[in-house]
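Student: I would like to go through this structure with you, beginning with the nucleic acid. Could we take it step by step?

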2 protein chains.
Amino acid sequence: MSAKRLHLITTAFELFYQKGVHAVGINEILSESGVAKKTLYHHFAGKDELVLAVLEYRDQRFCHWLQGSLDAATSVTDKIDALFDALDDWFNDRVDALRPFHGCFFINVSGEYSAPDHPIHLQCTRHKINVAMLLREQFEALGMASSLGSRLTDDLCLLKEGAITLAYVQGDCNAALKAKDTATRLVAAVL
Amino acid sequence: MSAKRLHLITTAFELFYQKGVHAVGINEILSESGVAKKTLYHHFAGKDELVLAVLEYRDQRFCHWLQGSLDAATSVTDKIDALFDALDDWFNDRVDALRPFHGCFFINVSGEYSAPDHPIHLQCTRHKINVAMLLREQFEALGMASSLGSRLTDDLCLLKEGAITLAYVQGDCNAALKAKDTATRLVAAVL
DNA sequence: ACAAAAGTAGACAAGTCGGTCTACCTCTTT
DNA sequence: AAAGAGGTAGACCGACTTGTCTACTTTTGT
């Protein structure tokens, strides 16, 4: 991967994440990154392809961070605690790789591309599926029954998305810990 | 309220909801509604004020619909079922007043205005608080203890936001019924 | 060493953005 | 009858939009 290409992606991500995709022009990305316009159009066919590359970049960064946050936990309840503690770190800007928190980039971007079959919306969908898969694999690695792991993953995804929205739209910086409490009560009966 | 003003608001809402605020220009709203530009700037000081008016309009419509969906239920479990059945109707375009479903308008818009103190972001925050208040009042009207009602409301809001995101970003049209199942398991221990 | 690839600055095109303004028309109220 | 509010159409403004292009320089691999 070319250094210029990566620089364009990281600069574009920061601007898109803060202001939204449609509110950021190509020229702003160019002047902010110090890259020439010709170089951008050498690497990307157009703005949409840059957006797609930015989504892929963020997906990898996010999943890598989340996996690292969960790997150490060795029991189901520890995994659940680790998940919401990680979210709490994210919401409160204690994660360098994700800072500053402006909600979920993929939720924000899909709000600007509502057509479900649009490539950009599809990329957002894929990210959410990736995160769910990552969680399911964590429970499978613990030897959890497949049906139980699937339901637990569904429940946790529901609470995770809810916590993100509460934290971002309502500015509730304790949303992750509240969701952790809810998750704990939810699994108390099963486990 | 002037008929022209209302017409501008409803037209702007449909376009904003489908394409996002920044992707829709004043001229598009004008040509779609058939209203003159001078008339728009007679009623609104600028685009931001129109956006604010649209948010207020949608908040009232949404809360009115939700309240109507919950009023008939006479027990806590019935209220919970009614909430997620209502969401299921919304997600699957069975509610004329809200159709077509493109996620939560307030989540989408706040994704375009990340600054927490921006008037538009604040209006989105206010909507989420309004919905939470509406839920809490439903349980209070049933004579539920205040602390219990508060925690139940928090849990349900978490699941509701999660279901909206799953339904919109992942295109999971069964998200509301899944969340209903999760909510049922969650309260089974308490009630 | 040399050719190809990747980079630079920035002019330019064609169109859209939010917003202002003139000139005129049509209601409603006193 | 008169007057003011609310409406129409659309020209116009300066700034910005994505994207193309020329002419030139730097970096990289063989």
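**Contacts with DNA, then the fold of chain A**

Tutor: Certainly. A polar side-chain atom of Ser2(A) lies 2.8 Å from a phosphate oxygen of DNA strand C. Please keep in mind that this is a predicted model.

Student: What about His43(A) and DNA strand C: how far is its polar side-chain atom from a phosphate oxygen?

Tutor: The distance is 2.6 Å, again from a polar side-chain atom of His43(A) to a phosphate oxygen of that strand. In chain B, Ile26(B) uses a backbone N or O atom instead, which lies 2.5 Å from a phosphate oxygen of DNA strand C.

Student: And which residues come nearest to DNA strand C overall?

Tutor: There are 19 residues around DNA strand C, and the nearest are Thr39(A), His43(A), Ile26(B), Lys37(B) and Lys47(B). Of the strand's atoms within 4 Å of the protein, 59% belong to sugar and phosphate.

Student: Which helices supply at least two residues of that surface?

Tutor: Three do: α3 (37–43) of chain A, and both α2 (26–33) and α3 (37–43) of chain B. The largest share, 5 residues, comes from α3(A).

Student: How does the surface near DNA strand C divide by class?

Tutor: It has 5 nonpolar, 8 polar and 6 charged residues.

Student: Now the other strand. Which residues are closest to DNA strand D?

Tutor: DNA strand D is surrounded by 19 residues, the closest being Ile26(A), Asn27(A), Lys37(A), Thr39(B) and His43(B). Within 4 Å of the protein, sugar or phosphate provides 53% of the strand's atoms, and bases provide the rest.

Student: Which atoms of Ile26(A) and Lys47(A) face the phosphate oxygens there?

Tutor: Both residues use a backbone N or O atom. For Ile26(A) the distance to a phosphate oxygen of DNA strand D is 2.6 Å, and for Lys47(A) it is 2.9 Å. From chain B, Thr39(B) has a side-chain N or O atom 2.6 Å from a phosphate oxygen of DNA strand D. The elements giving two or more residues to this surface are α2 (26–33) and α3 of chain A, together with α3 of chain B.

Student: Where does the largest share of that surface come from?

Tutor: From α3(B), with 5 residues. By class, the surface near DNA strand D comprises 5 nonpolar, 8 polar and 6 charged residues.

Student: Changing topic: how many helices and strands does chain A have?

Tutor: Chain A has 9 helices and 0 strands. Its radius of gyration is 18 Å, close to the 16 Å that the globule rule gives for 191 residues, so chain A is as compact as a globular protein of that length. The C-alpha trace spans about 60 × 30 × 30 Å along its principal axes.

Student: And how much of chain A is buried?

Tutor: Of its 191 residues, 53% count as buried. The accessible surface of chain A is about 8,100 Å², and carbon and sulfur atoms account for 51% of that area. Among contacts in chain A between residues at least 6 apart in sequence, 66% join residues at least 24 apart.

Student: One last residue: is Asn108(A) buried or exposed?

Tutor: Asn108(A) counts as buried, because its relative accessibility is 5%, and buried means under 20%. This residue is found in helix α6 (residues 105–110) of chain A.

Student: What does Asn108(A) touch?

Tutor: Leaving aside residues up to four places away in sequence, Asn108(A) touches Tyr17(A), His102(A), Gly103(A), Tyr168(A) and, from chain B, Gly111(B). The side chain of Asn108(A) also reaches the backbone oxygen of His102(A) at 3.0 Å.

Notes. Residues numbered from 1 in each chain as written. Chains lettered and ligands numbered in written order. Predicted model: local features only at pLDDT ≥ 70, side-chain atom pairs only at ≥ 80, totals over all residues. Heavy atoms only, no water. Near = heavy atom within 4 Å. Polar contact = N/O pair within 3.5 Å; in protein donor to acceptor, adjacent residues only side chain to side chain. Helix = DSSP H or I, 4+ residues; strand = E, 2+ residues; numbered from the N terminus. Nonpolar A, V, L, I, M, F, W, Y, C, P; charged D, E, K, R; others polar. Rg over C-alpha atoms; globule rule 2.2 N^0.38 Å. Buried < 20%, exposed > 50% of the residue type's maximum accessible area, 1.4 Å probe, protein only. Contact = heavy atoms within 4.5 Å. Areas by Shrake-Rupley, 256 points an atom, 1.4 Å probe, with all protein chains shown as cover.
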